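This briefing goes with the structure shown below. Please look at the chain first, then read the points by topic.

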Amino acid sequence: MSHGTADDRWPLRAYEAAGAFEADAFAEAVLDLVEQIPAGRVMSYGSIAAALGSRASRQVGKVMAHGGADVPWWRVVHADGRPADGHERSAREHFDAEGTPLRETPSGYRVAMRQADWTP
């Protein structure tokens, strides 16, 4: 799967409008967008879906779970700043290395979304 630049991707809305939407096209669009998130910044599953003209935040999660190992997966978090379930320790190492703003809570750390949220 190639991950091109924003200029050489067909927007998700175009696939939907043409009636040619495929899961592979959505997955590629998700992975391409995740690759663009700068170090120290994050996007939520829902904001990735919205940026692609969709409301399919759970599908974004599925794409990341099955194909996100080759992109900076730790930069995709829950809307409340929680890292991917089951990957809290690995994500924390990446966040610390990149200087991602974090906050401590009684139930664990969270990304400080006001400071770290990125919009393409």
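Leaving aside neighbours within four places in sequence, Arg 82 is in contact with Val 77 and Arg 110. The model is a predicted one. The points below start from Arg 82 and go on to the strands, another two residues, the largest pocket and the chain as a whole.

**Arg 82 and its surroundings**

- Arg 82 sits in the loop that lies between strand 2 (76-77) and helix 5 (88-98).
- Arg 82 has a relative accessibility of 27%, and therefore counts as partly exposed, since that class lies between the 20% limit for buried and the 50% limit for exposed.
- Along the sequence, 28 residues separate Arg 82 from Arg 110, yet their C-alpha atoms are 5.0 Å apart in space.

**Strands 3 and 4**

- Arg 110, the contact partner of Arg 82, belongs to strand 4, where it stands opposite Arg 103.
- Strand 3 covers residues 102-105 and strand 4 covers residues 108-111.
- The two strands run antiparallel and are joined by four bridges.
- Thr 105 stands opposite Gly 108 in strand 4.
- The connection from strand 3 to strand 4 is a hairpin of two residues.

**Ser 44**

- Ser 44 is part of strand 1, which spans residues 43-44.
- Is Ser 44 buried or exposed? Ser 44 counts as buried because its relative accessibility is 10%, and the limit for buried is under 20%.
- Apart from neighbours within four places in sequence, Ser 44 is in contact with Val 77, His 78 and Ala 79.
- Val 77 is thus a contact of Ser 44 and also a contact of Arg 82.

**Ser 90**

- Ser 90 is found in helix 5.
- With a relative accessible area of 35%, Ser 90 is partly exposed.
- Ser 90 and Trp 74 lie 16 residues apart in sequence, and the distance between their C-alpha atoms is 8.1 Å.

**The largest pocket**

- The volume of the largest pocket is about 270 Å³.
- Which residues line the largest pocket? The lining consists of Tyr 45, Gly 61, Met 64, Ala 65, Gly 68, Ala 69, Trp 73, Val 76, His 78, Ala 84, Asp 85 and His 87.
- By type, the lining residues divide into seven nonpolar, four polar and one charged.
- Helix 4 (residues 57-67) supplies the largest share of this lining, with three residues.
- His 78 is one of the lining residues, and His 78 is also in contact with Ser 44.

**The chain as a whole**

- The chain holds six helices and four strands.
- Read from the N terminus, the order of these elements is α-α-β-α-α-β-α-β-β-α.
- The chain has 120 residues, and 37% of them are buried.
- The exposed area of the chain is about 7000 Å², of which carbon and sulfur atoms supply 48%.
- Of the contacts between residues at least 6 apart in sequence, 58% join residues that are at least 24 apart.

Key: Residues numbered from 1 in each chain as written. Predicted model: local features only at pLDDT ≥ 70, side-chain atom pairs only at ≥ 80, totals over all residues. Heavy atoms only, no water. Pairing = 2+ DSSP bridges. Buried < 20%, exposed > 50% of the residue type's maximum accessible area, 1.4 Å probe, protein only. Contact = heavy atoms within 4.5 Å. Areas by Shrake-Rupley, 256 points an atom, 1.4 Å probe, with all protein chains shown as cover. 1 Å grid on protein atoms, 1.4 Å probe; cavity = no way out; pocket = protein on both sides within 12 Å on 5 of 7 lines; lining within 4 Å. Points joined across faces, edges and corners; volume = space filled by probe spheres on them. Nonpolar A, V, L, I, M, F, W, Y, C, P; charged D, E, K, R; others polar.
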